Amino acid sequence: MDRIQSMQVFVAVAEEEGFAAGARRVGLSAPSATRAINGLEAQLGARLFTRTTRRLHMTDVGRRYLDDVRHILTSLQAADDAARGAASAPVGLLRLTCPNEFGRIYILPILLDYLDQYPEMRAELVLLDRVVNIVEEGFDVALRIGHLPSSTLSAVKVGAVRRVVCAAPSYLERYGTPEGPADLAAHRIVAINAVSSATEWRFGTDQQDAVRIRPQLCVSTVAAGLDAARAGWGICRMLSYQAGRDVAAGHLACLLEEFEPDSMPIHLIHAEGRRAPAKVRSFIDFARDRLRADPVLQALSSSKGCGLSV
């Protein structure tokens with residue numbers, strides 16, 4: 001087995017956390033994968049994994065080597081893509097991750113259209129409401145909502161969202177409209193634990209104004225919070241893109257807009273910079289244009305009906 005194939009086997013085994021699963025991913029038998037790793041360790045004079053009867057663990061040397069090998073294989077793929085003109089017809093597996101609701105509402109429809117346009121591509125979309133280390137966890141592209149820390153990752157801004165307070169017109173007719181954040185104490189509150197504190201909501205520039213709330217209902221998903229608010233049961237807080245379609249349809253109204261915190265940027269990020277393979281470049285270009293064209297995701301100010309007109 002040549003050195004490049006051994007590296008590919010190593011990455012697959014590391015990411016799948018097992019010889020059998022890693023071997024399946026690269027189309028080899030488990031014994032062949034084991035021989036490849038043994039040969040690689042012999043060439044390096046270092047252990048990449050420690051094996052037990054139950055689990056496979058990477059050594060410190062293995063973890064560092066994994067990062068370097070990923071960069072080598074990505075560069076090799078980029079060179080191959082350039083040579084075969086793959087920029088116009090990307091091929092291979094694209095692994096993406098993004099928050100659950102954003103992925104369901106936006107990224108999945110975009111990804112389906114992308115795969116229709118590039119039939120030689122395959123994709124894996126992992127929806128997670130946590131910050132993912134895309135290098136360590138083997139993702140090509142991630143979507144992040146919020147301000148990005150300094151890093152070596154490349155980022156493309158595709159929009160912005162705001163944290164909005166919403167209620168159904170039927171609720172407002174029955175209980176009245178709060179004029180300021182302090183008025184929320186007299187209202188029925190639905191708290192979404194996944195996106196907001198169950199005891200405190202922050203308002204104003206830099207979120208300097210904190211208001212303690214006492215929710216009558218706490219739910220664990222945005223969808224459940226939307227259902228409760230849409231039914232006229234109470235006031236709920238979420239991100240503007242999550243409420244966008246209901247606001248546009250008149251099912252929900254945005255409240256306390258003049259007290260909203262600053263908007264949060266949305267970025268597509270990847271690790272390879274200008275040397276990103278064709279599959280990454282083509283998807284980011286495809287998704288960027290679609291996301292930037294959506295008015296719900298350009299919610300930079302609160303002056304016109306939640307910024308959610310469509």
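1. The largest nonpolar core of this predicted model has 30 residues. A nonpolar core here is a set of buried Ala, Val, Leu, Ile, Met, Phe, Trp, Tyr and Cys residues joined through side-chain atoms within 4.5 Å; buried means under 20% relative accessible area, exposed over 50%, and partly exposed in between, with a 1.4 Å probe and protein chains only. Phe102, Tyr241 and Leu291 have the most contacts inside this core. At least two of its residues come from each of strand 3, helix 5, strand 5, strand 6, strand 14 and helix 9 (278–292). Helix 5 gives the largest share, 7 residues. Helices (H or I, at least four residues) and strands (E, at least two) are DSSP runs, numbered from the N terminus.

2. On the basis of the values: this is a predicted model in which local features need pLDDT of at least 70 and side-chain atom pairs count only at pLDDT 80 or more, while totals for chains, interfaces and linings use all residues. Residues are numbered from 1 along each chain as its sequence is written, and side-chain values use heavy atoms, with hydrogens and water left out.

3. What does Tyr241 touch, leaving aside residues up to four places away in sequence? Its contacts (heavy atoms within 4.5 Å) are Glu101, Phe102, Ile105, Tyr106, Ile145, Val161, Val296 and Leu297. A second, separate core has 20 residues, including Ala14, Ala23, Ile37 and Leu66.

4. One open sheet has 5 strands in the order 4-3-5-14-6, with mixed pairing; two strands pair if DSSP finds at least two bridges between them. Strand 4 (121–127) and strand 6 (154–161) are its edge strands, each pairing on one side only. From one strand to the next the twist averages 20 degrees. Axes are lines fitted to C-alpha atoms, for helices over the stretch in contact, and angles run from 0 to 180 degrees between N-to-C directions.

5. Strand 3 (residues 92–98) runs parallel to strand 4 and is joined to it by 7 bridges. Leu93 has Arg122 of strand 4 as its bridge partner. Helix 5 (residues 100–117) packs on this sheet and touches strand 3, strand 4, strand 5 (141–145) and strand 14 (264–270). The direction of helix 5 makes about 175 degrees with that of strand 4.

6. Another open sheet of 5 strands has the order 11-8-12-7-13, again with mixed pairing. Strand 11 (217–219) and strand 13 (253–255) each have a single partner strand, so one side of each is left without a neighbour in the sheet. Neighbouring strands are turned by 35 degrees against each other on average, direction ignored.

7. Within that sheet, strand 8 (residues 189–192) pairs with strand 12 (residues 235–239) in the parallel sense over 2 bridges. Ile189 has Ile235 as its bridge partner in strand 12. Helix 7 (residues 222–230) packs on the sheet, touching strand 8, strand 11 and strand 12, at about 165 degrees to the direction of strand 8. Helix 8 (residues 240–248) also packs on the sheet; it touches strand 7 (163–167), strand 12 and strand 13, and its direction makes about 120 degrees with that of strand 12.

8. Strand 9 (residues 200–203) and strand 10 (residues 209–212) pair in the antiparallel sense over 4 bridges. Trp201 and Phe203 form the covered face of strand 9, whereas Glu200 and Arg202 lie on the uncovered one. The bridge partner of Trp201 in strand 10 is Val211.
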